[in-house]
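Hi,

Here is the structure I promised to pass on. Have a look at it first, and then read on for my notes.

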Amino acid sequence: MYKAFYGLQDNPFSIVPNPHYLFLSDRHREALAHLTYGLKETGGFVLLTGEVGTGKTTISRALLGSMSQNTNTPFILNPSLSAIELMAAMCDQLKIPYSKDSSLKQFNDLLTQYLISSHQLGRRTVLIIDEAQHLKPEVLEQLRLLTNLETDTEKLLQIILIGQPELQELLKQQELRQLAQRITARYHLLPLNGDEVGLYVEHRLQVAGRSDPLFTTKAIAQLQQMSGGIPRVINLICERALMAGYAHSRVPIDQQMVQEAAIEVLGLTPPRGRHWWPLAGVGGLAFVLAFTLVWQLLPHPSATSVAEVAPHQAPSNAQVSAERGIVSGAGAHSVGHETALYLPHENVARRQLEQAMATAQPLDTAFNILLGLWHKSPYEGMTPCQSAKAQGLACYQQQGNWQSIIRLNYPAVVYLEGQGGRDVYAALVALKHDRALLQFGEQQFWVSRDWFEQHFSGVFEILWQPEPGNDRPIGPESAPARVQWLEDALARVDNNEPRRVSGFDSQLSQRLMAFQRQHGLSHDGIAGKQTLQQLALYFSEQGPRLTAAEYF
């Protein structure tokens with residue numbers, strides 16, 4: 001329903017297991033390493049536990065995919081069975097024929113003969129039991145007896161038990177102490193942390209076909225808080241948030257949309273006071289007027305953190321436009337009047353800036369200013385990013401700081417924090433030394449770096465013009481010319497001399513992962529689409545620049 005609106009080719013947050021969406025966080029990789037190690041040991045059992053929805057089945061599927069072709073892997077999904085029923089299920093999985101009235105001993109003999117024959121043929125057998133907390137103690141004991149069959153160096157049957165935390169308590173029972181002693185590897189899987197939640201969401205969106213970020217930083221933080229970092233819950237909340245965003249034609253997905261989606265999905269009680277939000281539009285103007293009146297009556301100390309106003313005599317608007325490269329024209333959002341830049345009293349500029357921060361400006365307004373700087377126009381019925389894409393541009397959301405913005409040197413929509421942590425959107429249209437020129441609707445203000453860093457939330461979005469044909473991943477198997485291009489690009493970003501490389505060596509891999517970590521990308525040591533896009537941003541020569549703008 002919403003795939004076309006968000007530029008998706010698939011539903012990225014379906015809770016149906018799909019190997020194409022496999023995401024291994026550092027914790028998942030660690031769990032996988034523990035299980036792999038346990039299977040190499042001589043013990044019969046490996047244990048993986050975790051809360052519902054943390055990704056245990058994901059790990060088991062990854063483990064299956066990593067096993068060699070000479071491994072038989074029966075997989076039991078519903079272990080609420082008697083000992084005879086479980087052994088019959090194993091025979092079904094291994095295609096061992098048996099009669100319907102087979103006894104426990106006959107099943108045991110059949111499985112024993114199968115394991116011996118497989119070993120003689122050079123094949124291993126690994127039984128995986130999901131939801132193992134439902135196994136009865138007598139069934140676990142029967143499984144232990146099956147693992148007694150062994151050679152001098154290895155077990156003929158190894159068993160992976162996957163279950164919820166109750167499984168750990170089950171194995172502490174006195175009658176199962178012998179089985180517990182045969183567990184060679186244990187791992188309890190914890191939920192995703194804040195950084196991993198962001199990478200998880202980004203990964204699923206990329207697989208579904210969207211390269212641009214869709215959730216704000218605050219939305220990801222809210223998602224972590226409401227979901228507890230559990231992937232299944234993350235999927236449910238994100239799915240509901242995307243449906244709400246589509247219904248209201250809103251991009252990106254913000255903190256409030258995630259909160260409302262979580263309340264609906266989890267059946268929570270909405271926070272008190274939500275009923276008065278509709279009155280904000282009515283009371284906002286009264287608040288601003290009252291705030292301005294009170295401000296004028298209060299004494300204010302001299303401040304240097306905002307609105308540096310050097311000239312006391314403002315030039316004409318025509319002169320300002322001519323000298324400062326103001327963009328205007330049919331369909332483009334004008335950069336607007338610059339009266340705030342030339343006010344004779346700093347306190348007046350401060351009051352106007354505070355008022356601009358207190359008056360809500362739609363995100364689209366800030367994006368339309370960027371479109372104007374690119375000499376583009378917003379299209380009716382489209383979001384700004386859709387309008388940009390239709391005209392050969394792309395939106396790109398970043399997380400960073402003052403230095404990150406300077407490095408890219410593009411005009412940007414910056415997410416600021418207003419009173420009460422409210423998101424405030426402004427267009428950053430120029431930089432000069434340690435000053436930034438912000439535009440709120442029709443008003444512009446020079447602010448100091450200190451003021452900017454105090455109010456900047458860490459999220460900004462730019463428009464840029466991508467060059468087609470440079471999106472093929474670069475890794476150890478890539479052609480030498482592509483690997484050398486990557487070395488040259490990373491060296492240029494770091495202002496270093498590039499090396500002559502004959503292949504994708506460890507030094508290049510480490511520098512690539514450092515670049516990926518610095519930009520909040522998945523640091524897998526492979527230059528994929530997102531990494532190549534980030535590198536291309538540094539080298540593109542198309543479009544306006546912050547420090548090149550003639551605003552000074």
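**Rings, charges and cavities**

Let me start with a charge on a ring: Arg-435 sits over the face of Trp-446, 4.5 Å from the ring centre. Bear in mind throughout that this is a predicted model.

There is another arginine like that to look at. Arg-545 lies over the face of Tyr-410, and here the distance to the ring centre is 4.1 Å. Tyr-410 is also worth a click for its aromatic partner. The structure holds nine aromatic pairs, and one of them is Trp-374 with Tyr-410, a stacked pair with 6.5 Å centre to centre and 10° between the planes. That pair links distant parts of the chain, with the two positions 36 residues apart. Trp-374 is in the loop between helix H16 (363–373) and H17, while Tyr-410 is in the loop between helix H18 (402–408) and strand E8 (412–417). Are these two rings buried or exposed? Trp-374 has 8% relative accessibility, so it counts as buried. Tyr-410 counts as buried too, because its relative accessibility is 1%; the cut-off for buried is under 20%.

Then there is Phe-440 with Phe-445. Their ring centres are 6.1 Å apart and the planes meet at 65°, so this pair is edge-to-face; the cut-off for that is over 60 degrees. Phe-440 is buried at 3% relative accessible area, and Phe-445 is buried at 1%.

If you like aromatic clusters, pull up Trp-402, Phe-452, Phe-456 and Phe-460, which form one together.

Now for the empty space. How many cavities of 30 Å³ or more does the structure hold? There are three, and the largest has a volume of about 90 Å³. Its lining is made up of 13 residues, and those nearest the centre of this largest cavity are Val-251, Phe-367, Cys-385, Cys-395 and Glu-461. Two elements give two or more residues to that lining, namely helix H17 (384–390) and strand E7 (394–399). Strand E7 gives the most, with three residues. What classes of residue line the largest cavity? Eight are nonpolar, two are polar and three are charged.

If you only have a few minutes, I'd open the view on Tyr-410, with Trp-374 stacked against it and Arg-545 over its face, and then go to the lining of the largest cavity around Cys-385 and Cys-395.

Cheers

How values were computed. Residues are numbered from 1 along each chain as its sequence is written. This is a predicted model: local features need pLDDT of at least 70, side-chain atom pairs count only at pLDDT 80 or more; totals for chains, interfaces and linings use all residues. Side-chain values use heavy atoms; hydrogens and water are left out. On a 1 Å grid over the protein atoms alone, a cavity is a set of points where a 1.4 Å probe fits but cannot get out, and a pocket is an open set with protein on both sides within 12 Å along at least five of seven lines; lining residues have an atom within 4 Å of a point. Grid points are joined across faces, edges and corners, and a volume is the space filled by probe spheres set on the points. Helices (H or I, at least four residues) and strands (E, at least two) are DSSP runs, numbered from the N terminus. Ala, Val, Leu, Ile, Met, Phe, Trp, Tyr, Cys and Pro count as nonpolar, Asp, Glu, Lys and Arg as charged, and the others, Gly among them, as polar. Rings of Phe, Tyr and Trp (its six-membered ring) pair if their centres lie within 6.5 Å; planes under 30 degrees apart count as stacked, over 60 as edge-to-face and the rest as tilted. Buried means under 20% relative accessible area, exposed over 50%, partly exposed in between (1.4 Å probe, protein chains only). A charge sits over a ring if NZ of Lys or CZ of Arg is within 6 Å of the ring centre and within 35 degrees of the ring normal.
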